[in-house]
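Subject: Structure for you to look over

Dear colleague,

Here is the structure I promised to pass on, with the sequence alongside. Please open it first, and then read the notes below with it in view.

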Amino acid sequence: MRIHRVRLQDVRGIDACEVEFDPHGITVVAAPNESGKSTLVDAIRLVLNDRRRARATAQEVRDLQPAGRDVGSVVEVELAVGDHHLVVRRRYNRQPEDVLAITAPTTEQLTGDEAHDRLTEILARHVDVGLLDALWLQQGRDLDTLALGQTSLSARLDAASGGASTGGDDLLVRVDEHHAQWFTPTGREKADLTRLDARVEELQAAAHDLRARLAEIDTESGELDEVERTLPGLERDLTEALEPALEAARDDRRSLQALQSQRETLQARFEQADTVCAAARDALDRRRAATESIATLTDRVAAVEEQLQPSDDELADLAERRRSAQETARDVQEALRAARRDGEHAQWRVDLLEASEEHARRNGRLSRARAVIDDAAEAQAAVDASRIDDDLFTEIGDADAAVRMLEARVDAGAPTVRLRAVSELSGDIDGEAFQLAEGDALERSVRAHLRLRLPEFELEVVAGDPDHDVHDELDVARRHLADRCERAGVEDLSEAERLVTQRRAHEQTLRQRDVLLDRELDGASLDGLADTVEASRARIDQLFARRPEAQDTDEEPDTTGSADATDLDEARRTRDACTRATDAAELVHQQAAADLADIVERHESMRDRHAERRRELDGLRRELERDRSQLASERASRADDDLSRALVEATTTRDAAREALDAADQRLAALDPERVELVETAACNARDAALEHLGRLRQRRTELGVRLATVGAEGLGEQLTDTEAQLERAELDQERERRRAQAARLLRDELHAARDELHRAYRAPLRDRIVRMSSLLLGEDVAIELDDELRIATRTRGGTTLGWHQLSAGAREQLAILTALAAAQLAGDDGVPFILDDALGYTDPQRMAALGALLGRTEGAQVIVLTCVPERFRTTGARTVPLLTS
Amino acid sequence: MVRFLHTSDWQLGMTRHFLIGSDAQERFTQDRIDAVGTLASVARDRGCAFVVVAGDVFETNQPQRRTLERALDALGTFDVPVYLLPGNHDHQGAASVYRSDAFIRRCPASVHVLADGPLAPVPGVEVVGAPWHGRRPLEDLVTRRCRELAADGTTRVVVGHGQVDTVVGDHDNPATIRLAELERSVADAGVSYVALGDRHSALQVGDTGRIWYSGAPEATDHRDGGPGTALVVDLPDGLLDDAPTVEVVQVGRWTFHRVERSLDSDGDVDALLADLDGIDDRARAVVRVVVEGTVSLAQAAALDDGLALRTERFGALELPDRHRDLTIRPTAEDVAALPLAGYAAVARDRLLERATRGDGVEAAEASDALALLTRLADRDGA
C-alpha cells in the first residue's frame with residue numbers, strides 16, 4: 001500500500017491542507033511543532049486504520065472537529081493498494097459521508113456502507129490489517145520509545161487486536177485478568193470456584209443427613225402412635241379377659257385335685273382286697289396242683305415201668321448179634337492176611353526176576369565195554385607199528401606214476417616185439433614168465449634191450465640208439481620209488497596200498513572207541529559200571545535173603561538172568577492177580593469191621609438208655625413218695641374246704657372295693673382332667689404373654705417418647721427446610737459462576753490460540769527481512785533470533801552473539817527501526833507506509849543523522865517522516881515537502 | 001351472631017431459596033411473625049370471639065427453638081381464644097410440635113390445639129377439629145369428622161385441612177376432601193361453617209357459602225399471588241338455613257410477581273425493565289422474570305445489565321436462565337462494532353461461528369465467551 005496524497009479540511013486546527021508523498025521513497029514532511037503534523041497522522045490512521053464509519057462517534061472522531069466550530073471534518077486520502085488506485089473521502093461529525101472513488105483497474109464510485117465495505121474488502125485482500133494497525137498504533141507518536149527501547153511488536157499486535165488505539169491496558173491483559181478471577185495461570189480452578197462446589201456438596205450431604213434423621217423420626221413417631229393406640233386395648237384385655245379366665249381355670253383345677261385324692265384312697269383299698277383275694281386263690285390253686293402232681297407222677301411211674309420190659313429183650317438180642325459180627329470179622333481178617341501173603345510173594349518174584357534181568361543187562365554192557373577197550377588197544381598197537389601213512393602212501397603213488405610215465409616214454413620210442421604162439425607156449429621175458437595159448441599174442445616194447453627166453457631159445461633184442469636221458473630219468477625215478485618203498489617197508493605200491501588200508505581201519509577203530517564206549521557206559525565210568533553190576537548182584541542176594549515163606553507151589557526162581565521174559569511176565573500177571581485178590585479181601589474186611597462197629601454202637605447205646613430209664617424210674621418213685629407225704633401233712637393242718645371258703649369271702653370284699661373305685665373314676669372322667677390342665681396352662685400363658693407384651697410396649701413407649709422429645713428439640717425439620725433452600729441457592733450460584741468461569745476460560749483459550757498462531761506465522765518472515773536489511777546495511781552477515789513475543793533476543797555479527805540488552809544504544813535503535821520496517825514490508829503485498837513522527841523533536845543530532853542514513857539505505861517501503869527539523873534527514877536524499885496549512 | 005377469625009397456613013419457619021443472600025429472608029421471617037400480630041389486631045378490632053387456624057401453623061413439626069419461641073410470643077398477643085389445627089406440615093403424630101415439652105410449657109392459656117374432642121369458645125358454639133395425625137391420612141378427615149356429628153341445635157365450626165377434589169382434581173388421593181360428601185354431611189350434621197386450610201389464597205368452595213379456605217396471611221410462593229388474607233366470619237344466630245357472612249381481610253405485605261415478556265427487540269428489553277420498575281413495595285416483592293425469544297449479544301447484555309442494576313431493589317429477583325429460556329444469537333453487528341483486529345478478530349470470528357452453529361452447550365458457551373469479549377473489548381470503546 002502506498003499513500004500518494006492526503007487532504008484535510010476543517011480537521012482540528014487545520015482549516016485546509018494537502019500533502020503529496022513520494023510513493024516509493026522517503027517523504028519528509030517539514031512543519032514546526034504544533035502545526036498539525038500529528039493531526040495529519042491521526043487523520044490518515046483514522047481513515048485507513050480504524051476504518052470506522054464516517055458517522056462513528058468515538059472520542060477520536062469527535063476530536064477531529066475544530067474547536068468551537070460545528071462543522072464536518074473532511075479527510076481525503078489517495079492511495080494505491082495492490083492494483084487498485086483509489087481515493088477515500090470521509091466527512092466526520094457534521095453531515096457525515098463516506099465516499100470511495102476507485103480509478104484503477106476499473107472505475108468505481110461508492111458511498112456509505114458500500115464505500116466502507118469495499119475499502120475494507122480491498123484492504124483485507126492486500127494488507128495484513130492487524131499488522132498495519134500494530135505498526136501505526138504507535139508510529140508517529142512514540143519515536144522515542146521506538147528508538148530507545150525495543151517496542152515489542154507482539155505487544156503492539158496485542159494492542160491493535162484489542163482496538164486500544166490510544167494505548168492503555170489491552171484486551172489480552174483484560175481477558176487474562178478476567179480469567180485469573182477463577183483460574184490460575186496453569187488453568188487450575190481457584191478456590192472461589194471450588195468453594196462453590198464444596199458448598200453444594202456440603203449442603204447436599206447435610207440435607208441428606210437431615211432427611212435421613214427426619215425419616216427416622218417419622219418412623220419412630222409412627223411407631224409411638226401405634227404403640228399408644230395399641231396399649232389401652234391390651235391393658236383392657238388383660239384385666240377384663242385374661243386374668244378372670246385364669247382364675248376360673250384355677251378353680252376347676254382345685255376341684256379336680258380333691259376328687260383325685262379321694263380316688264387314690266379308694267384305689268389303695270381295692271388293691272389291698274385284691275391282694276387278699278389273690279393269696280386265697282393261690283393257696284387253693286397250690287393244693288389242687290399238689291393233688292394233680294401226685295396223680296401225674298403215679299401215671300409216669302407206671303408208664304416207665306411199662307416201657308422197661310420190651311427194652312430188656314431188645315438189649316439181649318443186640319448182644320447176640322454183636323458176638324456173631326465179631327466172629328465174622330475174625331474170619332475175614334484171616335482171609336485178608338492170606339491174600340496179602342500171596343501178594344507179597346508174587347511181588348518178591350517179580351522183583352527178583354527184574355533184578356536178575358537188570359543184572360544180566362549191566363553185565364553185557366560191561367563185557368562189551370571191555371571188548372571195545374581191548375580192540376582199541378590192539379588197533380593202537382597196529383597203528384604205532386605201521387611205517388606208512390597217508391603222506392608216504394601219496395609219495396609212493398606219485399613216484400610210481402612218475403616211473404610209469406617214463407616207462408611209457410621209453411616204450412614209445414622203442415621197438416616192439418610181438419610174439420604169437422602158434423601153439424601153446426611158455427617162457428619169460430626179462431625174467432618175467434609168461435604162458436601163451438595157441439593163437440595168443442604177446443607184445444613188448446624194447447626200451448634198451450629185451451631178453452626173451454623160450455624153451456627153445458633165448459632171444460635178446462637190443463634197441464638201436466636209445467634215448468639215454470629218458471633212461472636216466474627212469475632210473476632216477478625208479479630209485480626214488482624204491483627209496484620210498486623201502487621207507488614204507490613195502491615192496492611196491494600195491495603193498496603200500498594194502499598197508500595203508502589196514503592202518504585206516506585201525507584208526508577207524510580208534511576213532512569209534514569212545515562212541516562205542518559211551519554207548520555202553522552211558523555216562524558212567526567203567527568202574528562205575530562194574531559197581532552197578534556188583535550192586536545188582538547184591539540186590540539179587542538181598543532178595544534171596546528176604547525170601548518170603550514158600551507157598552505150596554513155590555519153586556526156585558532162575559536168578560542167572562537167563563530167565564526169559566515169559567517168566568517175568570508170568571510173575572507179573574500172578575502178582576497183579578494177587579493184588580486184586582487182596583483189594584477184594586480188604587473191602588470185605590472193611591465191610592465186616594463197619595458192621596461190627598455199627599452193632600457195637602447200637603448195643604452200647606441201647607444199654608446206656610436202658611440204664612438211664614432205670615435211674616429215672618428210681619427218681620420218680622422217690623419224688624412220688626415225698627409229695628404224697630407232704631400233701632398228707634398239709635391236709636392235716638388245713639383241709640381243702642377251708643381253703644375254698646376263704647377264697648369266696650376275699651372275692652366278695654374285693655368286688656365291693658372295685659365298684660367304689662369305678663364310681664370315682666367315672667366322676668373324674670366327667671371332669672376331663674386333661675382339659676382342665678390345658679385350659680389353665682393356656683390361660684396362664686396368655687396372661688404371661690400379654691403381660692410381657694405390655695411391658696415391652698410400655699418400655700418402647702418410654703424410649704420413643706424420650707428420643708422424640710430429645711430429637712424434636714433440635715429443630716431438624718426447619719434445619720432441613722433451611723438447608724434445602726440454601727442448597728437450591730448454592731446450586732444456582734454454582735451454575736452461574738461456573739458458566740461465567742467457562743466463558744472466561746473459553747475466551748482466553750481462543751484468544752491465546754489465535755495469538756500464538758499469528759506469532760508463529762510472523763516470526764520467520766520477520767526475522768528474514770530484518771537479517772536481510774541488517775546485512776545490507778552493515779555490509780556483512782548478521783544473524784538474528786526473535787523470541788516468542790517477536791522481540792529481538794540476540795544478534796550475531798562477526799561470530800559474536802549478543803543479547804538485546806548487551807547491544808549498544810545505536811545498534812538497538814537500528815534494529816528497532818529495521819524491525820518496524822520489516823513489519824511494514826510484511827504488512828501488505830508491497831508493504832505499507834512506515835510513518836515516523838519526529839514531533840517530539842528528537843534532540844540528539846548525531847543519532848538522528850545516523851537514523852536518517854539508515855532510512856536512506858533501506859529499500860522497499862514507503863517512508864513518511866514528520867519533523868520540525870528537516871535538516872536531519874537531508875542525508876537520506878528524501879523529498880521534503882512543507883506542511884502548508886491555512 | 002357469633003364472629004370469629006378464620007386463618008391458616010402460617011408456616012412459620014419457612015426459608016425461601018430466592019431470599020437467601022440478602023437481608024430479605026430475615027425480613028420475610030419477621031413479616032410472617034408480624035402477620036400473626038396483625039391477625040391479633042384484626043381479631044381485636046373486628047370483635048371476633050375466637051380465632052381458628054386451619055392447619056400448618058408451623059412449616060415443620062421440628063421447628064427451630066427460635067421459631068417456636070417467636071411463634072408462641074406472637075400467639076400471646078391474641079385477646080381471644082385461638083384454636084390451632086394440626087395440618088400436614090405439623091400433624092399431631094407422636095413427634096408433633098404440639099406434643100413437645102417446649103410448646104406445652106410455654107403455650108398461652110388462650111391457645112388450644114384441636115387434637116381431641118370439641119371445644120366451646122362461647123356458650124352454644126362448638127369448634128370441632130379434624131386434625132392430621134400423620135403425613136398421609138388414608139381418608140377424608142373433614143367429612144368423617146362431620147359425619148360423627150349430630151344435628152342437635154349446637155352451632156358448630158368444623159376446622160379442617162387439605163385439598164378439595166373440585167379444586168385440585170386429585171381424586172386418587174384418599175385424603176382429598178370430597179366436596180359433595182362434605183356438603184351432604186355438613187347439611188346432615190347442621191354444621192354452620194367449615195374452616196379449611198392448605199390453600200394459600202382465599203377461596204369459597206362449593207356454593208353453600210359454608211365452606212371456605214382462608215388463604216395464608218403472608219404469600220409464600222408465586223402461585224399464592226398475594227398479599228395474604230384472613231376471613232372474618234359471622235355466624236347468624238340459630239338460623240341454620242342462613243349462610244354465614246364472610247369478609248376477606250388483607251393482612252399480608254409480601255407479593256409475588258411474574259414478569260413475563262417475549263424478547264425480540266431492544267424495545268422489548270426496555271419494556272421488561274419498565275414492568276419491573278412499575279412494581280410497588282419492591283423490598284417485599286418477589287419477582288420472577290420469565291423471558292423467551294431470541295436476542296442479540298447486545299440485547300442480552302442490556303437485559304443482564306438492567307436486571308443486575310435492579311436486583312438489590314427487590315425482595316428477590318429471580319433471573320431467567322440465559323440459555324434455557326432465551327436464545328442468544330450473536331450477530332455480525334454484535335461483533336463488528338467491536339474495535340477488534342488481528343488475532344482478536346480471528347478468535348472473535350471463531351467464537352461467533354461456534355455460537356451460531358448450533359443450540360448445544362458448546363454454542364451457549366461460545367455465546368457467553370462472545371458476550372464477555374464484547375464487554376471487555378468495549379470497555380473504553382464507543
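In chain A, strand β3 is joined by 4 bridges to strand β19 (residues 879-882), and the two run parallel. Please keep in mind throughout that this is a predicted model. Within that pairing, A:Ala30 stands opposite A:Pro882 of β19(A). Strand β3(A) also pairs with β18(A), which covers residues 863-867, again in the parallel sense and over 5 bridges, and here the bridge partner of A:Ala30 is A:Thr867. As for its surroundings, β3(A) spans residues 26-30 and is mostly covered, with 4 of its 5 residues buried.

Taken as a whole, chain A holds 18 helices and 19 strands, and of its 886 residues 27% are buried. Among the contacts in chain A with a separation of 6 or more, 74% are between residues 24 or more positions apart.

Turning to chain B, I looked at how helix α8 (residues 297-310) meets helix α12 (residues 361-377): their axes come within 10 Å and cross at roughly 75°. An angle from 65 to 115 degrees counts as roughly perpendicular, and α8(B) and α12(B) are therefore described in that way, as roughly perpendicular to each other. On the α8(B) side the contact is made by B:Leu297, B:Ala300 and B:Ala301, and on the α12(B) side by B:Leu370, B:Ala371, B:Thr374 and B:Arg375. By class, the residues of this contact comprise 5 nonpolar, 1 polar and 1 charged.

B:Leu370 deserves a second look, since, leaving aside residues up to four places away in sequence, B:Leu370 touches B:Leu297, B:Pro330, B:Val335, B:Leu351, B:Leu352 and B:Ala355. Together with A:Val865, B:Leu370 has the most contacts inside the largest nonpolar core, which has 135 residues. Helix α16 of chain A (residues 716-778) gives the most to this core, namely 12 residues. A second, separate core of 62 residues includes B:Val57, B:Ala130, B:Ala189 and B:Val194. In soluble globular proteins, nonpolar side chains tend to be buried together.

Finally, where the two chains meet, the contact takes 52 residues from chain A and 48 from chain B. On the chain B side, α2 (65-75), α3 (101-106), α11 (342-357) and α12 each supply at least two residues. That side of chain B divides into 23 nonpolar, 15 polar and 10 charged residues.

With best wishes

Notes. Residues are numbered from 1 along each chain as its sequence is written. Chains are lettered from A and ligands numbered from 1 in the order in which they are written. This is a predicted model: local features need pLDDT of at least 70, side-chain atom pairs count only at pLDDT 80 or more; totals for chains, interfaces and linings use all residues. A residue is buried if 20 or more other C-beta atoms lie within 10 Å of its own, exposed if 12 or fewer, and partly exposed in between; C-beta atoms are placed from the backbone. Two residues are in contact if their C-beta atoms, placed from the backbone, lie within 7 Å. Two strands pair if DSSP finds at least two bridges between them. Axes are lines fitted to C-alpha atoms, for helices over the stretch in contact, and angles run from 0 to 180 degrees between N-to-C directions. Angles under 35 degrees count as roughly parallel, over 145 as roughly antiparallel, 65 to 115 as roughly perpendicular and the rest as oblique. Ala, Val, Leu, Ile, Met, Phe, Trp, Tyr, Cys and Pro count as nonpolar, Asp, Glu, Lys and Arg as charged, and the others, Gly among them, as polar. A nonpolar core is a set of buried Ala, Val, Leu, Ile, Met, Phe, Trp, Tyr and Cys residues joined through C-beta atoms within 7 Å.
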